[in-house]
Amino acid sequence: MRVEHSFVGAEGIGETIERRLWTQGITHWDAFDHDCEGVGPTRAERIESFIQGGREAIADDDLRYFDQAFPTGSRWRLYESFSDQACFFDIETTGLDKRSSVVTTVSLHQDGQTETLVRGDDLTRDDLAGAFEDAGLLVTFNGARFDIPFLEYNFDIDLDIPHLDLMPTCRKVGLSGGLSEIEHELGIGRELPDVDGREAVRLWHEHERGTDGAIERLIEYNQEDTENMVPVLEQVVAELDREVVPDDAALPK
């Protein structure tokens, strides 16, 4: 689903009215008519205002307009239109408390490329800010409660970028648990199935003690977490499309 198929960004328009429009064949902004059935003049004006702002936002590559207009539970709709701006990222730390623990690695995946910043090497405030410079949409798994606050506290950076958290998004289609559990349910494999968060902490301490291969294994695990979020999100978005759009209202490609 592209943003041009959505009407829930207009004030006072929920999924019920949006479905009513779709079932009338109004499945794209171009098809909207001020006098369409079941909307009324006030709502029609709000929809037209949203569409006008949306066209300007697309022309300006302004993803933030839709992030602010869409309800929180509908932000998954941003992905298909702005996937080129999506930056998937994941962090590893020495513990769960941002005040007493440190970030050991940060992996970012965007435009098919993955990079990892490592504590004691290139994991600095400036390098971290530079790594997020081209990101228009952050994608994480539980990042709203963990990854983003951890980075903001430890590096004094502001990650005020539109954000799609996979954990609550997966729950919308009945997928719960950790990322690896959801991957397993979706049939997404791992090269390092025996490594988890606890092992990642041990690998970091082994690296500090000079153990050969420890940091390479930690980086590989961190990158796998990051890269596997891509197929998870794509499968979840496809399922949400199927659930939200009525069978008799196929959206144009």
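## Phe32 and the nonpolar cores

Phe32 touches Phe7, Leu21, Ile26, Ala44, Ile47, Glu48 and Ile51, when residues up to four places away in sequence are left out of the count. The model in which these contacts occur is predicted. Phe32 is also one of the residues with the most contacts inside the largest nonpolar core, a set of 50 residues. Phe7, Ile47 and Phe66 are named alongside Phe32 in that respect, and two of them, Phe7 and Ile47, appear in the contact list of Phe32 as well.

Helix H10, which spans residues 214–244, supplies the largest share of this core, with eight residues. A second core, separate from the one above, comprises 21 residues. Among its members are Leu128, Phe146, Ile157 and Leu159.

## The five-stranded sheet

Five strands form an open sheet in the order E3-E2-E1-E4-E5, and their pairing is mixed. At its edges lie strand E3 (113–118) and strand E5 (163–165), each of which pairs on one side only. From one strand to the next, the twist averages 25 degrees.

Helix H6, residues 147–155, packs on the sheet. Its contacts involve strand E1 (86–93), E2, strand E4 (137–140) and E5. The direction of helix H6 makes about 70 degrees with that of E1.

## The hairpin of E2 and E3

Strand E2, residues 103–110, pairs with E3 in the antiparallel sense, over six bridges. Two specific pairings illustrate the register: Thr105 has Val118 in E3 as its bridge partner, and Val106 has Leu117 in E3. In a regular strand, side chains alternate between the two faces of the sheet.

Two residues lie between the strands of this hairpin. Asp111 takes a positive phi there, near 55 degrees.

## Aromatic pairs

Twelve aromatic pairs are found in the structure. In one of them, the ring centres of Trp29 and Phe50 are 5.7 Å apart and the ring planes stand at 80 degrees, so the arrangement is edge-to-face. Trp29 belongs to the loop between helix H1 (15–23) and helix H2 (41–59), whereas Phe50 belongs to helix H2; the pair therefore ties together parts that are 21 residues apart in sequence. Both Trp29 and Phe50 are buried.

The pair of Tyr79 and Phe88 is likewise edge-to-face, because its planes are at 80 degrees, with the ring centres 6.2 Å apart. Tyr79 and Phe88 are both buried. One aromatic cluster is formed by Trp29, Phe50, Tyr65, Phe66, Phe70 and Phe82. Phe66 thus links this topic to the largest nonpolar core, where it is among the residues with the most contacts.

## Cysteines

A search of the whole structure finds zero disulfides. For Cys170, the closest cysteine sulfur is that of Cys87, at 18 Å, which is too far for a bond. Cys170 counts as buried, because its relative accessibility is 0%. Cys36 is buried as well, with a relative accessible area of 11%.

Note on methods: Residues numbered from 1 in each chain as written. Heavy atoms only, no water. Core = buried A, V, L, I, M, F, W, Y, C linked by side-chain atoms within 4.5 Å. Buried < 20%, exposed > 50% of the residue type's maximum accessible area, 1.4 Å probe, protein only. Helix = DSSP H or I, 4+ residues; strand = E, 2+ residues; numbered from the N terminus. Contact = heavy atoms within 4.5 Å. Pairing = 2+ DSSP bridges. Axes fitted to C-alpha atoms, helices over the stretch in contact; angles between N-to-C directions. Disulfide = S-S within 2.5 Å. Phe/Tyr/Trp six-rings, centres within 6.5 Å; stacked < 30°, edge-to-face > 60°.
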